[in-house]
Amino acid sequence: MKNWKRLLALSLAGAMALSLFACKSGDSTESPSADPSEEVSADPDTDPSTSPEIVADLSQGVLEFSAGMSAGDTVLTVNGEDVPADLFLYWLDYNCYYFMSYYGMFGLSLSDYATDMIEDSVYFCVSQTLLRQKAAELGCLPTDAQVKEAQDSLDDETREMLKSGYGLSDDSINALVLSNAYYDNVMAALTHEPDEQELDEYLDSLGVFAVKHILLMTVDQTTQEALPDDEIAAKKSQADDLLAQLQGASDLEAKFDELMNEYSEDGGLATNPDGYVFSANDSLVGGFREATLELEIGGLSGVVETDYGYHIMLRLPLTEETKAEYGANFRADAMNDLVQQWEDAADITRADALSTLDPEDFFNRLSVYQQALYGEEEGVG
């Protein structure tokens, strides 16, 4: 699972550090121990990821306690540049937290995805290291203004919390908050805005199209069971009548909107009054995509039957706003391809510690340590 796009979409750096920190600790008001000066065990009701058997030892550093490592230990080497343990473990914690937040509720366990957690974290660290190296090679290192903006994104209190709660060094914190600047500068140097032909070809490759539709459902909206035959026949007759009205309209789009707003039973109409934009990645009911793509821009379909009912489609031109959004994706995809090429060519070595690191145990121990530490610092208990 190589999730470079996911990393970029989440803003990388300072804002992500803050959001993760806030999610895990900012609203904690209960101490897991009556005496914060002693070792404490976590209350499993406070955080479901923690284990009652783990006891926080605040006499140890956070990374020593949670992973048996020091901040400066080398876990990876990328083209001769060392990646410290604190950066890797920050991303490992992030990936574990992300996974549990979205998939833990479905009963999925970190122990079953341990390799994925490690590999995602390796990829994040390798990618950021390669971007820094490429920026130096191209002479597009962060400007003074970018450095100041990055430094100003974290106040002193948050920086200290990232040190104590995650074991991050100043250098590693700075590397995180400058990630966006490195990415932006390298992208500006190596990619370009697509011209009209390039954008059209890119949109075609992604299968992007825009459409409005009128839906007359032949299944019950609650149970999804088929309606009685006589009701289905009435829906077909109504669809044929609506199509005839549209085919005779002098202003097709205006008439389509009128009939769509009056008769369509599409549950998404209220939030998508101007139609939908779909790509090949979107899962659509069988027959809908195929019927739409047969149309020219501005073209009207016949009555198309799917498992949901009878549709009438009007294919729309892509708006300038949609094209601008995909234009940005064009450059991001180009960057993704470049980073992948650099990774494939990079000389990467891994420390033996990565082969024995247990992501689930690390995540649980870090959570227990943070809860104990934050409770003590806040004077709770």
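Is the crossing of α5 and α9 left-handed or right-handed? Keep that in mind as we walk through this predicted model, in which local features need pLDDT of at least 70, side-chain atom pairs count only at pLDDT 80 or more, and totals for chains, interfaces and linings use all residues. Residues are numbered from 1 along each chain as its sequence is written, and side-chain values use heavy atoms, leaving out hydrogens and water.

**Stop 1: α5 and α9**

Select residues 114-138, which make up helix α5, and residues 179-190, which make up helix α9. Helices here are DSSP runs of H or I with at least four residues, strands are runs of E with at least two, and both are numbered from the N terminus. The axes of α5 and α9 are 9 Å apart, and the two helices pack at an angle of about 55 degrees. Axes are lines fitted to C-alpha atoms, for helices over the stretch in contact, and angles run from 0 to 180 degrees between N-to-C directions. That angle makes α5 oblique to α9; under 35 degrees would count as roughly parallel, over 145 as roughly antiparallel, 65 to 115 as roughly perpendicular, and the rest is oblique.

Now for the opening question: the crossing of α5 and α9 is left-handed. A crossing gets that label if the near helix is turned anticlockwise from the far one by less than a right angle, and is right-handed if clockwise.

Show the side chains of Q128, L131, R132, K134, A135 and L138 on α5, then S179, Y182, Y183, V186, A189 and L190 on α9; these make the contact (heavy atoms within 4.5 Å). They divide into eight nonpolar, two polar and two charged residues. Ala, Val, Leu, Ile, Met, Phe, Trp, Tyr, Cys and Pro count as nonpolar, Asp, Glu, Lys and Arg as charged, and the others, Gly among them, as polar.

While you are on α9, click on A188. A188 counts as exposed, with 53% relative accessibility; exposed means over 50% relative accessible area, buried under 20%, and partly exposed in between (1.4 Å probe, protein chains only). Then add R331: A188 and R331 lie 143 residues apart in sequence, but 9.1 Å apart in space, C-alpha to C-alpha.

**Stop 2: the four-stranded sheet**

Next, colour the open sheet with the order β6-β5-β8-β7, whose pairing is antiparallel. Two strands pair if DSSP finds at least two bridges between them. At the edges you will find β6 (276-278) and β7 (304-305), each with a single partner strand, so one side of each has no neighbour in the sheet.

Zoom in on β5 (residues 209-217) and β8 (residues 309-316), which pair over eight bridges. Try labelling some partners across them: M217 stands opposite G309, H213 has M313 as its bridge partner, and A210 faces L316.

How many of the residues of β5 are buried? Nine of the nine are, so β5 is largely enclosed by the rest of the structure. F209, V211, H213, L215 and M217 point one way from β5, while A210, K212, I214 and L216 point the other way. Strand β8 is also largely enclosed, because eight of its eight residues are buried.

Move outward to the edges. β5 and β6 pair over three bridges, with Y276 as the partner of V211. On the other side, β7 and β8 pair over two bridges, one partner pair being E305 and Y310. A hairpin of three residues joins β7 to β8.

**Stop 3: α11 and α12**

Select helix α11 (residues 229-247) and helix α12 (residues 252-263), whose axes come within 9 Å and cross at roughly 155 degrees. The two are therefore roughly antiparallel, and their crossing is right-handed. Q238, L242, Q245 and L246 of α11 meet L252, K255, F256, L259 and Y263 of α12. By class, that contact has six nonpolar, two polar and one charged residues.

**Stop 4: the three-stranded sheet**

Finally, select the open antiparallel sheet with the order β4-β3-β9. Its edge strands are β4 (81-84) and β9 (348-350), each with a single partner strand. Neighbouring strands are turned by 25 degrees against each other on average, direction ignored. Four bridges join β3 (residues 74-78) to β4, and T77 has D82 as its bridge partner. Add helix α4 (residues 85-103), which lies across β3 and β4 and runs at about 50 degrees to β4.
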